[in-house]
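Here's a quick briefing to get you started with this structure. Have a look at it first, then read on.

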Amino acid sequence: MRVNTTDPEAAEHIFTRDNPFGVSPGDFDADRAKKWLKFPFWALVIVGYLAFGMLSGIWGPTLFLLFLIPTYYIVGAAVASRRIAPMLCALYPIGAIAWFLWMTFVDVHWHGPAWVIFLTIPLVEVIIVQLSKWWNARKGNDFKDDVA
């Protein structure tokens, strides 16, 4: 913590606090995020898809495991940047598409109200951005355009 004073001999005092875990919040940025994003999660999902498909014989619904690939990397980028609003703005359309495809191909209800989920995507995006603006203004931070 940095405290500015008017005393010329002690213009800036820097106080540190011991962390019992040995990890400060600033430590979880570059190295760990690079490892997270470099991990071949896509290969793990493909192996899981093939294994589950061969063992169970259910190939169609198992394709939904592929939605885990962008989800993994979006969460990894959000953890690295410590921003939740962009993560939510990216995950909701993926979830909406997955839900629609499940309703269409697994439950065979494509003609019903399943398509309405696509109308909620812009609405949810606007709500997330507005909540993020409110949250940053409440904390006294300037809002940055990197929310959406």
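Is tryptophan 102 buried, partly exposed or exposed? Tryptophan 102 is partly exposed, because its relative accessible area is 34% and partly exposed covers values between the 20% limit for buried and the 50% limit for exposed. Keep in mind that this is a predicted model.

**The overall picture**
- The chain is built from 5 helices and 2 strands.
- Walk along the sequence and you'll meet the pattern β-β-α-α-α-α-α.
- The chain has 148 residues, and 23% of them count as buried.

**Around tryptophan 102**
- You'll find tryptophan 102 in helix H4, which spans residues 85-106.
- Proline 61 sits 41 residues away from tryptophan 102 in sequence, yet their C-alpha atoms are 7.8 Å apart in space.

**Helix H2: two residues to look at**
- Helix H2 runs over residues 41-56, and isoleucine 46 has its place there.
- Isoleucine 46 is partly exposed, since its relative accessible area of 36% falls between the 20% and 50% cut-offs.
- Phenylalanine 41 lies in helix H2 too.
- Phenylalanine 41 counts as buried, because its relative accessibility is 15% and buried means under 20%.
- Phenylalanine 41 also has a partner from elsewhere in the sequence: tyrosine 72 is 31 residues away along the chain, with 7.6 Å between the two C-alpha atoms.

**A nonpolar patch on the surface**
- Isoleucine 46 turns up again here, as one of the residues in a nonpolar surface patch.
- The patch is formed by Trp42, Ile46, Leu50, Met54, Trp59, Leu63 and Leu66.
- Together, these residues have about 670 Å² of accessible area.

**The largest pocket**
- How much space lies in the largest pocket? There's about 250 Å³ of space in there.
- The lining is made of 12 residues, and those nearest the pocket's centre are Ile84, Ala85, Leu131, Ser132 and Trp135.
- Two elements give two or more residues to that lining: helix H4 (85-106) and helix H5 (117-138).
- Which element gives the most to the lining? That would be H5, with 6 residues.
- By type, the lining residues split into 7 nonpolar, 2 polar and 3 charged.

**Tying it together**
- If you want one helix to follow through this briefing, try H4: tryptophan 102 has its place in H4, and H4 also gives two or more residues to the lining of the largest pocket.

Key: Residues are numbered from 1 along each chain as its sequence is written. This is a predicted model: local features need pLDDT of at least 70, side-chain atom pairs count only at pLDDT 80 or more; totals for chains, interfaces and linings use all residues. Side-chain values use heavy atoms; hydrogens and water are left out. On a 1 Å grid over the protein atoms alone, a cavity is a set of points where a 1.4 Å probe fits but cannot get out, and a pocket is an open set with protein on both sides within 12 Å along at least five of seven lines; lining residues have an atom within 4 Å of a point. Grid points are joined across faces, edges and corners, and a volume is the space filled by probe spheres set on the points. Helices (H or I, at least four residues) and strands (E, at least two) are DSSP runs, numbered from the N terminus. Ala, Val, Leu, Ile, Met, Phe, Trp, Tyr, Cys and Pro count as nonpolar, Asp, Glu, Lys and Arg as charged, and the others, Gly among them, as polar. Patches are made of residues with over 30% relative accessible area and no salt bridge: like charges are joined within 9 Å, nonpolar side chains (Val, Leu, Ile, Met, Phe, Trp, Tyr) within 5 Å. Accessible areas come from the Shrake-Rupley method with a 1.4 Å probe; for residues, only the protein chains shown count as cover. A salt bridge is a side-chain nitrogen of Lys or Arg within 4 Å of a carboxyl oxygen of Asp or Glu. Buried means under 20% relative accessible area, exposed over 50%, partly exposed in between (1.4 Å probe, protein chains only).
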